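Student: I would like a close look at a single part of this model. Please keep it brisk.

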Amino acid sequence: IGVHTISRLCTHKNLSYKPTRAEQTLLEDMIDVKEVIAALKKEQIIDARTVWKDIELYRPAACPQCEDGFAGLVGLQEVIPMSRMLAELVRNGADTYALEIQAKRDWGLTLAEDALYKGIQGLISADGVLQVAAGYQARYS
């Protein structure tokens, strides 16, 4: 459960691309891609017919408004709905790992999943998504 800040892509110019199969597989190994796609569809950010292989991510591109393709920061959050079971674990003093496992069962997006969510929206770079996902995976290895 946490918060992380990462560089925001400049809104004036960035380069979209379809991740390679190797990049897609790497992300699939680190996070629940289907859950992120479902959340984007539910909020009507992407079309309901969009599939993972058609998703685009973004790379920074310098423009007159920025030097390196980035402008400011964006926050990544793990937003967890408080279920009855999660509340009971909190009352009983459960450790962080147990809370995170239950929160995941209750359909909360992890930091890595939020990174992919925001990467698909073009808010953060593909490299940022991979960096956060790799850091998240390292917490549980």
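Student: Which side chain of opposite charge is nearest to Glu23, and how many Å away is it?

Tutor: Note that this is a predicted model. The side chain in question is Arg59, 4.2 Å from Glu23. A salt bridge needs a side-chain nitrogen within 4 Å of a carboxyl oxygen. Glu23 has no salt bridge, yet the residue is buried.

Where does Glu23 sit? The residue belongs to helix α1, which spans residues 21-30. Its side chain does have a polar partner: the side chain of Tyr17, at 3.4 Å. Leave out residues up to four places away in sequence, and Glu23 touches Tyr17, Arg59 and Leu130.

Now the setting. The protein has six helices and four strands. From the N terminus, the order is β-β-α-α-β-β-α-α-α-α. Of the 141 residues, 41% are buried. Take the contacts between residues at least 6 apart in sequence: 80% of them join residues at least 24 apart. The C-alpha atoms fill a box of roughly 55 × 30 × 30 Å along the principal axes. The accessible surface is about 8200 Å², and carbon and sulfur atoms hold 53% of that.

Another buried glutamate is found in helix α4, residues 96-105: Glu100 is buried there, along with Leu99, Gln102 and Ala103. Seen down the axis of α4, the buried residues fall within an arc of 165°, so they line one face of the helix. The face turned away from that buried side carries Tyr97 and Arg105, both exposed.

Methods
Residues numbered from 1 in each chain as written. Predicted model: local features only at pLDDT ≥ 70, side-chain atom pairs only at ≥ 80, totals over all residues. Heavy atoms only, no water. Buried < 20%, exposed > 50% of the residue type's maximum accessible area, 1.4 Å probe, protein only. Helix = DSSP H or I, 4+ residues; strand = E, 2+ residues; numbered from the N terminus. Arc of directions from axis to C-beta. Lys, Arg positive; Asp, Glu negative; His and termini not counted. Polar contact = N/O pair within 3.5 Å; in protein donor to acceptor, adjacent residues only side chain to side chain. Contact = heavy atoms within 4.5 Å. Areas by Shrake-Rupley, 256 points an atom, 1.4 Å probe, with all protein chains shown as cover.
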